[in-house]
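Student: Please take a close look at one part of this model, a strand and the contacts and charged pairs around it. I would like one connected account.

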Amino acid sequence: MALLTGTNTDATTPYVITGTNEDTGTEGWRAFDGSKAAGNGYYTTNTAGNKTLKIDFGNGNAKLAIKYILYAVLDNSFDSPADFTVDGSNNDTDWTTLDTKTGVALTDSGEGNSLSVTFSNTTAYRYYRILVTATKNARNYCSIGEFELYSADAGGNLDLTSKIW
């Protein structure tokens, strides 16, 4: 597992992370950095419209995801995703919806701070994204503490020891 240590434009990072309306100091890559510390994560600016957080594994590096865990920013779940889809693509244009959620209400801490979902998927994708259409408190901000993707083992079973990023 490689942790992202630079900005989403840093050539030394293994993948490209982009987020809609990233706020300075809380760029999209922070939702993939492995830190669940209070205040760490991806935050958007106060801008109307859908929010997208996307990871690009690079040409020839498609991954087969079958599980995700979405974490609210610790001690700040106010603007966490409520209505969203998790999608995959191999060309960054045509997206396949892998999971849809509505009415999610993550909490600031404890067991309600995360949402863990296993979904059916048989296609490896180069790109994965979370497309947020509404947040917990219906504001123009959005925040995601961590977004983890997991793969299947050779037998097609969930491999919890292997994040795909």
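Tutor: Contact here means heavy atoms within 4.5 Å. The model is a predicted one. With that cut-off, take strand β3, which spans residues 51-56 and includes Thr-52. Leaving aside residues up to four places away in sequence, Thr-52 touches Thr-18, Gly-19, Thr-20, Tyr-42, Arg-129, Ile-130 and Leu-131. Thr-52 counts as buried because its relative accessibility is 19%, and the limit for buried is under 20%.

Strand β3 also takes part in the largest nonpolar core. This core has 29 residues, of which Leu-53, Tyr-68, Phe-84 and Phe-147 touch the most other members. At least two residues of the core come from each of β3, β4 (65-71), β5 (81-89), β7 (114-118), β8 (127-135) and β10 (146-152). Phe-84 can be followed further: with residues up to four places away in sequence not counted, its contacts are Tyr-68, Leu-70, Asp-99, Thr-100, Lys-101, Val-104, Leu-115, Ile-130, Leu-131, Val-132 and Thr-133. Ile-130 and Leu-131 are thus on the contact list of Phe-84 and also on that of Thr-52.

Next come the charged pairs. Side chains of opposite charge can pair when their charged atoms come close. Seven salt bridges are found in a search of the whole structure. One of them involves strand β3 itself: Asp-56 and Arg-126 meet through their side chains, at 2.7 Å from N to O. Asp-56 lies in strand β3 and Arg-126 in the loop between β7 and β8, so the pair links distant parts of the chain, 70 residues apart. Asp-56 is buried, because its relative accessible area is 13%.

Another pair joins Glu-148 to Lys-36, with the closest N and O atoms 3.0 Å apart. This pair, too, links distant parts of the chain: Glu-148 is in strand β10, Lys-36 is in the loop between β1 (16-19) and β2 (42-43), and 112 residues separate them. Glu-148 counts as buried at 2% relative accessibility, whereas Lys-36, at 37%, counts as partly exposed.

A further salt bridge leads back to Phe-84. The side chains of Asp-99 and Lys-101 meet at 3.4 Å, N to O, and Phe-84 touches both Asp-99 and Lys-101. Asp-99 counts as buried, with 13% relative accessibility, while Lys-101 counts as partly exposed, with 23%.

Technical notes
Residues numbered from 1 in each chain as written. Predicted model: local features only at pLDDT ≥ 70, side-chain atom pairs only at ≥ 80, totals over all residues. Heavy atoms only, no water. Helix = DSSP H or I, 4+ residues; strand = E, 2+ residues; numbered from the N terminus. Buried < 20%, exposed > 50% of the residue type's maximum accessible area, 1.4 Å probe, protein only. Core = buried A, V, L, I, M, F, W, Y, C linked by side-chain atoms within 4.5 Å. Salt bridge = Lys/Arg side-chain N within 4 Å of Asp/Glu carboxyl O.
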